[in-house]
Amino acid sequence: MKGASDILIKKCDKIMDMSEGEVPLDKNERAKFERAVETFGDQGRRVIGFAQVEFVAADNFVFNEKAGNYPQEGLVFLGTCAIMDPPR
């Protein structure tokens, strides 16, 4: 799943750590995330977040974003991508 980092992080219970794997998204981890997003924002960058959740779906399952027929809470935050998004 991808989206605005500040919104996506609210749907996450864990965050991916490069050395430890999935770790709880506690106050300390959330503060690190917020500092990183703020730093990117100060540099004029737009930050996109990425998260995942594992679940088993039937073979004939059809994802429907509008219906929200897949897990949207309890995600694992994977990371961000900061891009330059100059005004048009």
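The legends below describe close-up views of a predicted model.

**Figure 1. Overall layout of the chain.** The predicted chain holds two helices and five strands. Their order along the sequence is β-α-β-β-α-β-β. The C-alpha atoms fit a box of roughly 45 × 40 × 20 Å along the principal axes. Of the 88 residues in the chain, 20% are buried. The accessible surface is about 6600 Å², and carbon and sulfur atoms account for 52% of it. Contacts that span the sequence are well represented: among those between residues at least 6 apart, 71% join residues at least 24 apart.

**Figure 2. The largest nonpolar core.** Ten residues form this core. They are L8, I9, C12, I15, V23, L25, F33, A51, L75 and F77. Strands β2 and β5 (75-84) each supply at least two of the core residues. In soluble globular proteins, nonpolar side chains tend to be buried together.

**Figure 3. F77 and its contacts.** F77 sits in strand β5. F77 counts as buried because its relative accessibility is 2%, below the 20% cut-off. Leaving aside residues up to four places away in sequence, F77 touches S5, L8, I9, C12, K14, I15, M16, F33, G49, F50 and A51. F77 is also a member of the largest nonpolar core. Across 60 residues of chain, the C-alpha atoms of F77 and D17 are separated by 9.4 Å.

**Figure 4. F33 and its contacts.** F33 belongs to the ten-residue core. With residues up to four places away in sequence set aside, F33 touches S5, D6, I9, F77 and T80. S5 and I9 also appear among the contacts of F77. F33 lies within helix α2, which covers residues 27-42.

**Figure 5. D17, a buried acid without a salt bridge.** D17 lies in strand β2, which covers residues 12-17. D17 is buried but forms no salt bridge. K32 carries the nearest side chain of opposite charge, 5.3 Å away. A salt bridge requires the nitrogen and oxygen within 4 Å. Which polar atoms does the side chain of D17 meet instead? The side chain of S19 makes a polar contact with that of D17 at 2.8 Å. The backbone nitrogen of E20 lies 2.8 Å from a polar atom of the D17 side chain.

**Figure 6. The salt bridge between E29 and K32.** The chain has two salt bridges, and E29 with K32 forms one of them. Their closest N and O atoms are 3.2 Å apart. Both residues lie in helix α2 (residues 27-42). They are three residues apart, about one turn of the helix. Is E29 buried or exposed? E29 is buried, at a relative accessible area of 15%. K32 is partly exposed, at 37%. K32 is also the residue with the nearest side chain of opposite charge to D17.

**Figure 7. The salt bridge between K14 and E22.** The side chains of K14 and E22 pair at 3.7 Å, N to O. Side chains of opposite charge can pair when their charged atoms come close. K14 is partly exposed, with a relative accessible area of 37%. E22 is partly exposed as well, with a relative accessible area of 38%. K14 is also one of the residues that F77 touches.

Notes: Residues numbered from 1 in each chain as written. Predicted model: local features only at pLDDT ≥ 70, side-chain atom pairs only at ≥ 80, totals over all residues. Heavy atoms only, no water. Helix = DSSP H or I, 4+ residues; strand = E, 2+ residues; numbered from the N terminus. Buried < 20%, exposed > 50% of the residue type's maximum accessible area, 1.4 Å probe, protein only. Lys, Arg positive; Asp, Glu negative; His and termini not counted. Polar contact = N/O pair within 3.5 Å; in protein donor to acceptor, adjacent residues only side chain to side chain. Core = buried A, V, L, I, M, F, W, Y, C linked by side-chain atoms within 4.5 Å. Contact = heavy atoms within 4.5 Å. Areas by Shrake-Rupley, 256 points an atom, 1.4 Å probe, with all protein chains shown as cover.
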